[in-house]
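These are my notebook entries on a structure that I examined entry by entry. I began with the whole chain and then turned to strands, rings and a single histidine.

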Amino acid sequence: MRFLTLALLYGALALQGAAAADAWPSKPIKLVVTFPPGGSTDVTGRLIADKLRGELGQSVVVDNRAGAGGNIGADVVAKSPPDGYTLLMATSSHITNISLYKTLPYDFMKDFEPVSTIAFIPNVMVINPSFLKVGSLQEFIAYAKNLKDTKLNFATGGSGTSYHLSNATFNAMTGIDMEHIPYKGGAPAVTALLGGEVQVIFAPLIEVLPHIQAGKLKPLGVTTRNRSSLLPDVPAIGEVLPGYEVALWNAIMAPAGTPKDIVDKLDKAILKVLADPDVKKKLAEQGSDPSGKTPEEFKAFIATEIPKWAKLVKLSGAQAE
């Protein structure tokens, strides 16, 4: 009798979960972007949110919760009800934070449900040619090493972000001592470079591409292993510094405990969005490479990313401030 009661209970819970998934979504969904408006994560998040509306039949509203290298927004999602109505626009920065921060207000591996990756993104090292007269990556390295009584300043979108790690790794591998100037997001960091407040930034390609095309900023190298198709004449930094590689990504995650049927439904919708020719075109124009994964594939991918980024953090000596 006891086993029959338990079987009936589990059956009822399964039916209840299936019913919830069938009804989902019945109201707008919130996508938490952990960086300010205008940055690469925000632009990609808004593109995906807009296209998901057609697949899910409900609006997906972007909620920018910037600060602490993405930890503030991630904590909001970690503590949200696991009902599929609050999602996280996760980035490789959230993996980096595991090694950068001594403590986090959430457990990345336990508090989130992987849904799907969205795209991989290169960072690009850029300078303002109006203030710094160097023609190549090799010239930049030689110039920076020959400075005696002053230092170059590098801007980031915040301590511990991919901007910070990319530049800190570069510093460690070249032996150049540059001063870190953190800003509250990528957009204000790029503005600082345009205004001559800093001399260099390692920014996601989307954030600086219009300025590169306008001749206001000069690219010296990309952080990925291979060159970008949008900047075929710009070398990968690894061509000059063998072993250098920092590849960024973004993805969608849900609070832990979100019903599997909802996760699967959302994953299928994301994969359809990423297959949309318009989405592919817009991501390519940003220098991003669309890459959808199943929840299981995404979970396995995260497991390989944690030690990789931990190694980069150790190499760079970067620490969250």
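I looked up the accessible surface of the protein, which comes to about 14400 Å², and 55% of it belongs to carbon and sulfur atoms. The areas come from the Shrake-Rupley method with a 1.4 Å probe, and for residues only the protein chains shown count as cover.

I note that this is a predicted model, in which local features need pLDDT of at least 70, side-chain atom pairs count only at pLDDT 80 or more, and totals for chains, interfaces and linings use all residues. Residues are numbered from 1 along each chain as its sequence is written, and side-chain values use heavy atoms, with hydrogens and water left out.

**Entry: overall dimensions**

I took the radius of gyration over C-alpha atoms and compared it with the globule rule, 2.2 Å times the number of residues to the power 0.38. For 321 residues a compact globule would have a value near 20 Å, and the 21 Å of the protein agrees with this. Along the principal axes, the C-alpha atoms fill a box of roughly 85 × 40 × 30 Å.

I then recorded burial, where buried means under 20% relative accessible area, exposed over 50%, and partly exposed in between (1.4 Å probe, protein chains only). Of the 321 residues, 52% count as buried. For contacts (heavy atoms within 4.5 Å), I considered those with a separation of 6 or more, and residues 24 or more positions apart account for 78% of them.

**Entry: strand β4 and its partners**

I counted 13 helices and 10 strands in the protein; these are DSSP runs numbered from the N terminus, helices being H or I of at least four residues and strands E of at least two. Strand β4 covers residues 112–127. I found 14 of its 16 residues buried, so β4 is largely enclosed by the rest of the structure.

Which strands pair with β4? Two strands pair if DSSP finds at least two bridges between them. I list the pairings of β4 as follows.

- With β9, β4 pairs in the antiparallel sense over 9 bridges, and F112 has P255 as its bridge partner there.
- With β7, β4 runs antiparallel and shares 5 bridges; M125 stands opposite F202.
- With β8, β4 is antiparallel over 4 bridges; here V124 stands opposite V222 and I127 stands opposite K218.
- With β10 (residues 289–290), β4 is joined by 2 bridges, again antiparallel, and A119 has P290 as its bridge partner.

I also checked the cover of β8 (residues 218–222), and 4 of its 5 residues are buried.

**Entry: aromatic pairs**

I searched the whole structure and found 8 aromatic pairs. Rings of Phe, Tyr and Trp (its six-membered ring) pair if their centres lie within 6.5 Å; planes under 30 degrees apart count as stacked, over 60 as edge-to-face and the rest as tilted.

How are the rings of F170 and F202 placed? Their centres lie 5.5 Å apart and their planes meet at 50°, so I entered the pair as tilted. F170 belongs to helix α7 (residues 162–174) and F202 to strand β7 (residues 200–204), so that the pair links distant parts of the chain, 32 residues apart. I found both F170 and F202 buried.

I next examined W249 and F301, an edge-to-face pair with 5.6 Å centre to centre and 70° between the planes. W249 lies in β9 (residues 247–255) and F301 in helix α13 (residues 295–316), so this pair ties together parts that are 52 residues apart in sequence. W249 counts as buried at 2% relative accessibility, and F301 counts as buried at 14%. I noted further that W249 and F301 form one aromatic cluster with F120 and F298.

**Entry: charges over rings**

A charge sits over a ring if NZ of Lys or CZ of Arg is within 6 Å of the ring centre and within 35 degrees of the ring normal. I found the charged end of K293 over the ring of F301, 5.3 Å from its centre. The charged end of K27 sits over the ring of Y85, 4.7 Å from its centre.

**Entry: H164**

Is H164 buried or exposed? I found H164, a residue of helix α7, buried with a relative accessible area of 6%. Leaving aside neighbours within four places in sequence, I recorded contacts of H164 with F154, T156, G158, S159, H180, A318 and Q319.
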